[in-house]
Amino acid sequence: MAKQSLPTAPFLKVASAPHMHCGTSIKGMMTTILLALLPAAVGAIYWYGMEAVRVMALSIATAVIVEALCSKIMEKEIRIDDFHAVVTGLLFAFILPAGAEWWLVVAGSAATMVLGKMLWGNFGGAPICAIAVGWAFCTVSWPLQMNIDATMLNTTLVNPLSQLKYFGMDAIADASMKEYLMGNQLGALGAVQVGALLLGGIALLVRKVITWEIPVATVAAVLIVGGIYYSIDPELYANPLFHLFTGSTMLAIFFLLPDFTSSPNTRGGKIVFGLMAGFLIILIRTYGQYPDGVLFAVLLANMITPLCDMIKPKPFGAR
Amino acid sequence: MNKNIFILTHGDTGAFETGSVPFEVRIPLNGHGKKSVKKKAEVYPGLLVADHKNAKIGDMHCGITGVVTEVSDSYVIVKAQDLAAPAEGEEPKPTSVDPVSLDALEGEELQAALKGLGVDIRPLIKRCELLIINALNPEPGITYAESMLVHAKGTINAGMEMLKRLSPATRSVVALPTGSNAAFDDSDIAFINPQYPNSLNELVVANITGKESMKGVNVIDLHTLYNLGAVAESGMPLTHTVVCVEGKNIVAAIGTPVGALLKDASIEVADGDTVIMGGPMRGVATGDLNKGISKETNALFVMPSGATAPISDHACFSCGACIQHCPSRIQPNMISRYVEFNELDFCRQENISACMECGLCTYYCPARRPMLQYIRLGKHKIALEEAQVTACALQVEE
């Protein structure tokens, strides 16, 4: 109706400057992350078969439904179409054993979504990586079902981290880094597809979804701290490369530590954060009770994120 | 993603075209109190339309021949038409104004003469030691700078000369894009990497002086210099300026409606498009195609509807893209959150005033948060708060 009163003038859209945009979106970034996770998912299916498909599908479905339900209860706009729930669900499945019970997957995935994301408002509020929260929840509640060696009895794969923990250096003497890269090790279903995750992580770096600081700093810290222990006594401590290529280290380096909301934003902060995380990974693996301490390292590193964010450059013109 | 759009050199795009005479001009007024024309008055190019009581803000003049159809506080509309021939026995009506000779004038007389010719002299006479001419294209997509240094060199030189007479600066530097071969007498030349946001005044100053401070430095951009030069060269009032219409540089009468300029450049505007007065990064979107261009309007752009995702109210998810690209090295993510919740003290703590308003944070934000708008809102609120505090302090003193 209003159009008839102004027949000649087109209705213009007014907006605030700037009027251009680079074209990135949350949905686009999440799609890139999903594509980067695809090789690891294929690897998981290759090594663990339909069991892996079951866990991944169940975890993703639960995450999406829980997010939608929570948004409904919280009277917020339902934003499952940005795929963040899919990414979170898939990443949570990646740290479960392939033989995880269905109720464990559902409970863990729901806890990841509720405690790790929705409780903090919406996407953007969580101070701690949601996947690490879900993992801690499950590990503390059901340690037996989360134990990879206890749930994966019908497999010929060996868990190098448990071997190192309980049988010492001799047990991993014939370890081949190439085999580890290919995913030939027992562990969480997606996290041990080390080569595939490395590939995906590099894709994320190239597509600029994540920046180089956290991965590089974490790798550097793992190599340096691991190298110090290795040089103290190669008979007692493992090669630093062994730590890099086993367990969930690679998953944490490229997908869990650079998680947007829980990592620092400034360059200096990111580097300190990455160094801290790498240091904690080696420390927990060397002295901790858990063979694979990576998720605890992620949790603890997230704790110092606010401190890391205080490392910021001097603003323009400030004295 | 595409870094090339931020490159500010476009090569010589040829001499400026003179725009056709528009069917009407809508001369924008900016607090000009005294209108010297009435409705139905006949006007001709150069005639004074409105006077500003501040001695440092230029008066407004008409650029076309025609009849005044409307006078309001914010604009004067002149409809283009030939003036009626003088009646038998009458004196022939004037059709133009005489140029003012500026050569012999000095100091305040010169300033008053320029104000009368429509030049805003306040920025030109700012107290400073170093004068910097920012000869880069101000924003991506704007193409006039290099052509201006070739085809309107006479105007620019006249402007430089006049500027040196006005400005108290002892030294002047011209900031040129790397690779430019423009030459200036009595002025140093500095080369700036022609990549947005390097064309921002603050960054040009930092690049030339090596200090991140605007103290004792005055930056004049090329568009202002061209306007001053046009007046200095001819002694005629300022009635035309250069507008870059989607990359095509046109000399248009001040007050020409945006729609007329776009139509001349055969750019279609459809429902839902955004018409921007100024550059695409910092310009203002207009809701009315009849709006007239002002002295400062340097560009016109049309963004088709759907070219960018709409602004959203999504929460910041701390991806850090804004921090990575911010030339002021502040944290737009935190500042925008603080402004959202009206936490002005935290904004000050995060150095909101260091923001140069380049718009890169909003350009890169994947959540499409209106970061620049938040920062401008925050700055505005802080200014209001400070004004209130000053007012209270004055009351206490009394």
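## Close-up views of a predicted model

**View 1. The buried residues of helix 3 of chain A pack against helix 2, helix 4 (84–94) and helix 5 (102–116) of chain A.** The residues doing the packing here include A52(A), V55(A), M56(A), L58(A) and I60(A), and S59(A) and E67(A) are also on the buried list. "Buried" means that 20 or more other C-beta atoms lie within 10 Å of a residue's own; with 12 or fewer it is exposed, and in between it is partly exposed, the C-beta atoms being placed from the backbone. Two residues are in contact if their C-beta atoms, again placed from the backbone, lie within 7 Å. Helices (H or I, at least four residues) and strands (E, at least two) are DSSP runs, numbered from the N terminus.

A quick word on the model: it is predicted, so local features need pLDDT of at least 70 and side-chain atom pairs count only at pLDDT 80 or more, while totals for chains, interfaces and linings use all residues. Residues are numbered from 1 along each chain as its sequence is written, and chains are lettered from A and ligands numbered from 1 in the order in which they are written.

**View 2. Here is helix 3 of chain A from end to end, residues 50–73.** How far does this helix reach from its first C-alpha to its last? Its 24 residues cover 34 Å, close to the 34 Å expected; that expected span is 1.5 Å times one less than the number of residues. After the helix comes E75(A), with a positive phi near 55°.

**View 3. T155(A) sits in a loop of chain A, between helix 8 (148–151) and helix 9 (160–167).** Is T155(A) buried or partly exposed? It counts as partly exposed because 15 other C-beta atoms lie within 10 Å. Look across to L58(A), 97 residues apart from T155(A) along the chain: the two C-alpha atoms are separated by 22 Å.

**View 4. Two cis peptide bonds turn up, one at A17(A)–P18(A) and one at Y196(B)–P197(B).** Most peptide bonds are trans. In chain A, omega is about -10°, and P18(A) is in the loop between helix 1 (2–5) and helix 2 (26–48). In chain B, omega is about 5°, and P197(B) lies in the loop between strand 11 (188–192) and helix 4 (201–209).

**View 5. N342(B) has a positive phi of about 60° although it is not a glycine.** Find it in the loop between helix 8 (332–340) and helix 9 (344–349) of chain B. N342(B) is exposed because it has 11 C-beta neighbours inside 10 Å.

**View 6. Four strands of chain B form an open, antiparallel sheet in the order 2-8-7-4.** Strand 2 (24–28) and strand 4 (42–43) are the edges, each pairing on one side only. Two strands pair if DSSP finds at least two bridges between them; strand 2 and strand 8 (residues 75–80) have five, in the antiparallel sense. One of the bridge partners to spot is K79(B) in strand 8, opposite E24(B).

**View 7. Domain 1 of chain B meets domain 3 of chain B, their C-alpha centres 20 Å apart.** The contact takes 14 residues from domain 1 and 17 residues from domain 3. Strand 2 gives the most to the domain 1 side, with five residues. The bounds, 17–89 for domain 1 and 240–303 for domain 3, come from an automatic or database domain assignment.
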